[in-house]
Amino acid sequence: MKTNPTVWDRNLALELVRVTEAAAIAASRWIGRGKKNEADGAAVEAMRKAFDTVAISGTVVIGEGEMDEAPMLFIGEKVGCGGPAMDIAVDPLEGTEIAAKGAPNALAVVALAEHGNFLHAPDVYMDKIAVGPGLPEGIVSLAAPVAENLRNLAQAKRCEIADLMVCILERERHQEIIARCREAGARITLIGEGDVAGVIAASQPETGIDMYLGSGGAPEGVLAAAALRCTGGQMQGRLLFEDQAQIDRARTMGITDPSRIYSMTDMAKGDVMFAATGITSGQMLRGVQRFGHGARTHSIVMRSKSGTVRFIEAHHNFRTKTWGNE
């Protein structure tokens, strides 16, 4: 009996949601308790266990946690219960600090592609710029000044620069970018953490975000590029190295040009699937709502092949013997 590849893709995309749901529910016990590593560790272990039921032969190529020595699904780890060879990008808890504080936009995130289709990004910072769909190709560029990018975007959107909203991580290193945006007349929304959610927000009209700008983790940049492949939009990334040791390590991962500007398809090419579940509520997803015998989750699942974006609300009954394997 032949397997219909389209049906298989659809089923696998929904299986990914089960993985992010498990991580989000596990992390939700730690929301607001000030213990980011415990929250991250719970999400990691739940995600690892959930992957055991997914019919793939997966390899983690984008892991999480190396930069702050938190628990991780490590690069090179094998996941899945057998099936086609797939590369996995994960962040079981994107926004560890904000989850620990009970702040908005913490997510559990997974992206999947055929082997070799994700950039093997080292755990360094990445300079990023992203905008939503329906714009001329190359409308923004990391090689252009901030003011020029804002002018071009405003012109393409037929609005004034003063109408644009730019999402930026609130970090000292972004003081100059923030100043340049304000000098040009743009509005800014500053976020404490969670730049995957920030990039995705630029592709969702209801968020009011027109552009994402600034540096964040390179692994998160690949995850964000995977999401934009599904929703539409444009993104560029450039790795930022602090010393020669980081450059040398990147070369062992296949990075040949340390100053290269990567396009969205350089970072995530081919057919890509992406899933995320809200841990704390944000602009795009509601957080986990726990009650006496279960929880309610809100997730998004996307496929680049079809361009379909689905929002899924799930009710989980912890009293059933099969919960966690449903």
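Two strands pair if DSSP finds at least two bridges between them. The views below come from a predicted model.

**View 1. Six strands make an open sheet of mixed pairing.** The strand order is 7-6-8-5-9-10. Strand 7 (187-191) and strand 10 (261-263) stand at the edges. Each has a single partner strand, so one side of each lacks a neighbour in the sheet. From one strand to the next, the twist averages 20°.

**View 2. Strand 5 meets strand 8, with helix 7 lying across them.** Strand 5 (residues 125-131) and strand 8 (residues 211-217) run antiparallel, joined by seven bridges. Met 126 is opposite Gly 216 of strand 8. Helix 7 (residues 218-231) lies across strand 5, strand 8 and strand 9 (234-240). Helix 7 runs at about 20° to strand 5.

**View 3. Strand 11 is largely enclosed by the rest of the structure.** Seven of the seven residues of strand 11 (residues 272-278) are buried, so this enclosure follows. Val 272, Phe 274, Ala 276 and Gly 278 point one way. Met 273, Ala 275 and Thr 277 point the other way.

**View 4. Strand 11 pairs with strand 4 and with strand 13.** Strand 4 (residues 107-114) pairs with strand 11 in the antiparallel sense over seven bridges. Here Val 109 has Ala 276 as its bridge partner. Strand 13 (residues 294-303) also runs antiparallel to strand 11, through five bridges. Thr 277 has Ser 299 as its bridge partner in strand 13.

**View 5. Helix 2 (residues 36-51) has the expected span.** At 1.5 Å a residue, its 16 residues should span 22 Å, which agrees with end C-alpha atoms 22 Å apart. Buried residues of helix 2 include Ala 39, Ala 43, Val 44, Met 47 and Phe 51.

Definitions and conventions:
Residues numbered from 1 in each chain as written. Predicted model: local features only at pLDDT ≥ 70, side-chain atom pairs only at ≥ 80, totals over all residues. Heavy atoms only, no water. Buried < 20%, exposed > 50% of the residue type's maximum accessible area, 1.4 Å probe, protein only. Helix = DSSP H or I, 4+ residues; strand = E, 2+ residues; numbered from the N terminus. Expected span 1.5 Å × (residues − 1). Axes fitted to C-alpha atoms, helices over the stretch in contact; angles between N-to-C directions. Contact = heavy atoms within 4.5 Å.
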